Amino acid sequence: MESKENQWSDVLVKSKQGHLKRWLRLLLKSKTGTIGLLIVLLIIFIAIFAKLLAPHDPNQINAAMMLKPPAWVEGGDTDYILGTDNLGRDILSRIIYGSQISLVVGVASVILAGIIGIFIGLVSGFYGGFLDNILMRIVDSFLAIPTILFALVILTVFGPSALTLIVVLGVTNWVQYARLIRGEVLSLKEREFVRAARSMGVRDHKIILKHLLPNVISPFIVISTLSVATTIILEASLSFLGLGIQPPTISWGGILSDGRDYVATSWWLAAFPGLAITITVLGMIFLGDWLRDVLDPREKKV
Amino acid sequence: MGKYIMRRLLQIIPVLFIISFIVFCLVYVAGDPVALMLPEDASQEDILQLRESLGLNEPFYIQYFNYMVGLAQLDFGESFRYNTSALPIVLERLPATIELAVAAMIVAIMIAIPLGIWSATKKNSAIDVVATGGAVIWKAMPNFWLGIMLILIFSVMLGWFPVSGRGTWSHLILPAITLGTGIAAEMTRFIRSSMLEIMNQDYVRTARSKGLKEFFVIHKHAFRNALIPVVTITALQTSTVVGGTLITESVFSWPGLGQLLIQAVNTRDMAIVQASVFIIAFIVIAMNLLADILYKLLDPRITFR
Amino acid sequence: MTVILSVRGLKKYFDVTEGWWKKEKQYLKAVDHISFDVNHGETLGIVGESGCGKSTTGNLIMQLLEKTEGEIIFQGVDLSTLSKQQLRKKRAEMQMIFQDPFSSLNPRMKVFDIIAEPLLTHLNLSSEKLKEEVLSLMDQVGLDRSYIHRYPHEFSGGQRQRIGIARAIALQPKLIICDEPVSALDVSIQSQILNLMSKLQKELRLTFIFIAHGLPAVKYISDKIAVMYLGKIVELTTKEKLFSKPLHPYTEGLLSAVPLPDPMLRNKKDGVILEGDIPSPTNIPSGCRFHPRCPHAQEKCKNEEPTFIAHEEEHYVACHFPLKEGVGVLEK
Amino acid sequence: MGRESLLEVRNLKTYFYTEDGVIPSVDGVSFTIKKGETVAVVGESGSGKSVTSLSIMGLLDAAGKIESGTIIFEGNDITKLSKKDRRKLRGNEMAMIFQEPLTSLNPLFTVGNQISEAIKIHQKVDKKEAKKRSIEILKKVGIARAEKVYHSYPHLLSGGMRQRVMIAIALSCNPKLLIADEPTTALDVTIQAQILQLMKELIKDKQTSILFITHDLGVVAEMADQVIVMYAGQVVEYTDVFTLFKEAAHPYTKSLLASTPKIHEQTEKLQVIEGTVPNPNAMPSGCRFHTRCPYVMEKCMNNEPVLTNIHTRHQVKCWLYEEEG
């Protein structure tokens, strides 16, 4: 009987009581969770203080310093630790600056998708019926088109820019939130506390705000963390295809795309931005997995 | 069973409608293809004439109607780049994409199933740590970057496989591994967690209480049950796999739908874009339907309703 | 004694027709034409096994489900005639206590917010008055005042059920529907909750409808008991009559099936063990729906549905051949 | 009572190693089951009654470990057996039925497959023979259409039928010990009566011993020869069923009996046991029941009483009886 109460996150509740220590203890218990959080914090730090951290101007072209290998490779220059690209720009500085756009696009589009998805999921799940039917057919339609394809088409139409990218990724991602939240609402609706509220005569909007919304927040946080990770990859992929962030704005996908032609001779151009993406995404996944373990002992997969 | 499939097919109709509407809106907003279709020094008169003949001066709903009539006849318009109907061009590229996708799925399944079962049954063992760790790292790697690195190592440095193109088996290996291992990462994680969940079920305990050998407990009682969600998820991965081929094709210059599509996007050849989106959506929907039917066939508890 | 709730000919059919183009609809007849009255201040127990429709009945009375047919008259008003607004007001007069103490409280709300919710919904109290009210409710159900800012997961099942009870009595309702309120609790906790409920009933002059599958608890708390089988009430009478001289063969079988906590009575029980399974409510037997399991079934029972009538004073039964020598369990 | 003993559990301690620390679910439990005897273990949730049974079956999950103690089955300490030998006992010499008939059968295999599986392993017979025996045993557990049920999937059967199938599986190899973990709790009362009746009939002529785990005192009175009352991982009272219901000695047992509503008596007010079952990772010191005990004394708070004989075959773990013993 006791195990039954392990529904979504009794832990989050406790933290509200100021049990920060409990969170910290839970975090330290998980090695991957700690690593994940540290990576994510580090990337945020780098993005914020890019100006101070970058050793060079990332866009400064230096013909004398073209295609320098990393410092530890023969012919490398300690001034350019990770080497330079075909225009002599410092790869390290470019990667440091690239973190900004990755994070901004990743986080902003997930917030956008979350807002649309939560709203539609709540309404669809709570009211059901015809409205639900229509909304779910729309969700089906979006799911039938691969995200990257959909993003490609929209970017073609509206032209690539950071803002369109955010909107595009937000609009293509809302369906997964809508589905998740709707599913949660459907099961919450059958829980007795929601029936209790209805039997008391609590109004619909209060039920949604007080009983449903707070209970879908934890699954939302988990999936959002993982979603920022996949969105960062998606953004890089689009930039790699030349349809994402346009120069002179620096993005990891863009650096990779530039470096692709030089793979045969200068591997570091493509290798390091990819590594940066991998590490960032890894941190997000670790953090997300940990949050899922802590918030949802049922190990639900979305 | 027949009725169930019929009902599901009926459900697909509104979905196709919505997709067509979304695509139409995008094309409508994308605006005038005329500028791209005519030479730069074309006269104002030529432009007007072309617009008239393409029906671009009609109001939104008439255009939508015309477009739907075209769709009903599988007419996605003419590609101005190839000066021919778009559908045959798309269909011509399809086999290459399917070849890649199928090869990748085979790679994924061959890796994910044994790894997923092993790591679940030997939780926290060395195998588990390696498998789950590998899966997370693979999931974190951008697929196109993995492709590039594989080219760097196996084509450029070792010279084992061709850098790009399609034709022989050795052309297929790197792209299939790139895409397949990417899918395998997600699949391994999924199989592991569904195995873990099923190992805690009452009927697994019943099987043990009968004195069954652990091998049968795992492979007969647990895995058969875990297979149900796995099959479903695999079929539902179609969308991801197709999305993945777009990028993998671009990395390996694989002459499939993805390549065609990216060219079309860059040249704003909307007829090709539309046709590709439709074909892909259709494949995804068909696979999802297949997943549903498989799910119901595998699980005797579910009756066709 | 005044009647507070009358149920007349209440039906709830769920449509379970498979496929679209079948002309013949299939129904799950969860509740199939039941009628009863509840007097002010008394407890009506509703017992029955799974699929008998007892919980559906509770939800119908609470207007959590829409009825298919029939009337629910509460304090002289047919609830289906009320507007949404009027119904919301009426809800203050009837409340519910739920089965699962773990799912009946919102895990994100503190004890204070849970108990205050009905007050906030229906009354306009100042914050001090509200807090005072919540604290006195906590006293009434035996919850320590210091728990007011705790979350539900910090409590045991019994304590949670107390919170649920405090929430239910907050608006001083006339009628409380208790849907299996003790089934999920340990034996030693069950008795605490049952005692609390009968104490509150006396203090607040509450009327209870106590829905449960466990006969011992129902017997302890009820004045009258309705026995349900496959959507129908088969017998309705006072608890003394029901347990000493049941008229319906199903009631007799149900009573004799309960294992008595006294090993001396082990082989002395002369009741019958009912054969067979409970049929599915989607596929209800013809005639008397109990006839396939009834040891006394005759030809008439297979074809003709018995009516629910008063066999004696205050003793209603739906059976063609009510038992003359029904075997009860109550010691005289 | 000169019967041979089949199972002797001596000072069994089973602990669970969880992320929140070590939980002593079973803490020093001893009892004996004789051949043909039915022993009921009664207790509330968290009393350790299910864990005791899983320890005997060797079905503890990865977190659970038998810390110390011995389980002697037919003269051998089975805690010392290899995994393989342990497995050979399971389903053959000792079998188990579980609480949830709905989830205890594998949904993907037919009933026949799941019964004959056990027969095939332990009795080394071919498929045909296994099928024949399976259908026989299905008939024996009161399934009329045995042939049809043999070929059907579990989800098509009612809860009562599934529990009959579980009993059939458990009894398919004529085990010497049958462990029944709340076998009727999930069933409707009229179905429960059928299943209890069936179990009594099935063991009547075979010398099968039963370890019957339940929280329902009615079921105990109906089924048991001996009764073990467990509280917070320990045995607090151990005697025969008649003595228990007539002269229960431990305050916990007494209150439990008094707080159970009875349908065959007029009850005005139920006695209650105040407080709640203690949390297993914060057990009270001394006697574990002292926090809820109406007779609590100074001594109870810090010193743990031992299980002592107050009469022949009537053991109680309580300071109230210590001097007399």
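A residue is called buried when its relative accessible area is under 20%, exposed when it is over 50%, and partly exposed in between, with a 1.4 Å probe and protein chains only. The model is predicted, so local features need pLDDT of at least 70 and side-chain atom pairs count only at pLDDT 80 or more, while totals for chains, interfaces and linings use all residues. Residues are numbered from 1 along each chain as its sequence is written, chains are lettered from A and ligands numbered from 1 in the order in which they are written, and side-chain values use heavy atoms, with hydrogens and water left out.

**Exercise 1. A salt bridge in chain A**

Task: Find the partner of R182(A) in a salt bridge, and decide whether D132(A) is buried or exposed.

Solution: A salt bridge is a side-chain nitrogen of Lys or Arg within 4 Å of a carboxyl oxygen of Asp or Glu. R182(A) meets this rule with D132(A), since their closest N and O atoms are 2.6 Å apart. Next, locate the two residues: R182(A) belongs to helix α8 (residues 162-190) and D132(A) to helix α6 (residues 129-144) of chain A, so the pair ties together parts that are 50 residues apart in sequence. Helices (H or I, at least four residues) and strands (E, at least two) are DSSP runs, numbered from the N terminus. Finally, D132(A) has a relative accessibility of 10% and therefore counts as buried.

**Exercise 2. Salt bridges in chains C and D**

Task: For the pair K11(C) and E69(C), state the distance between the closest N and O atoms, and then treat E93(D) and K176(D) likewise.

Solution: In chain C, the closest N and O atoms of K11(C) and E69(C) are 3.6 Å apart. This pair links distant parts of the chain, with K11(C) in strand β1 (residues 3-15) and E69(C) in strand β4 (residues 69-74), 58 residues apart. K11(C) counts as buried at 16% relative accessibility, whereas E69(C) is partly exposed at 42%. In chain D, the side chains of E93(D) and K176(D) meet at 2.8 Å, N to O. E93(D) lies in the loop between α2 (83-89) and β6 (94-97), and K176(D) in the loop between α7 and β7 (177-181), so the pair ties together parts that are 83 residues apart in sequence. E93(D) is buried, with a relative accessible area of 18%, while K176(D) is partly exposed, with 31%.

**Exercise 3. Two helices**

Task: Work out how many residues of α12(A) and of α7(D) are buried.

Solution: Helix α12 of chain A covers residues 268-295 and reaches 40 Å from its first C-alpha to its last, close to the 40 Å expected, where the expected span is 1.5 Å times one less than the number of residues. Of its 28 residues 25 are buried, so α12(A) is largely enclosed by the rest of the structure. Helix α7 of chain D, residues 159-171, reaches 18 Å, close to the 18 Å expected. It is mostly covered, as 12 of its 13 residues are buried, including G160(D), M161(D) and R162(D).

**Exercise 4. The contact of chains D and C**

Task: Describe the contact by its residues and its buried area.

Solution: With contact taken as heavy atoms within 4.5 Å, chain D gives 46 residues and chain C gives 43. The buried area, which is the accessible area (1.4 Å probe) that two parts lose on being put together, summed over both, is about 3800 Å², and carbon and sulfur atoms give 59% of it. T190(D), I263(D) and H264(D) supply 22% of the area that chain D buries against chain C, more than any other three residues. The rule finds 0 salt bridges across this interface.
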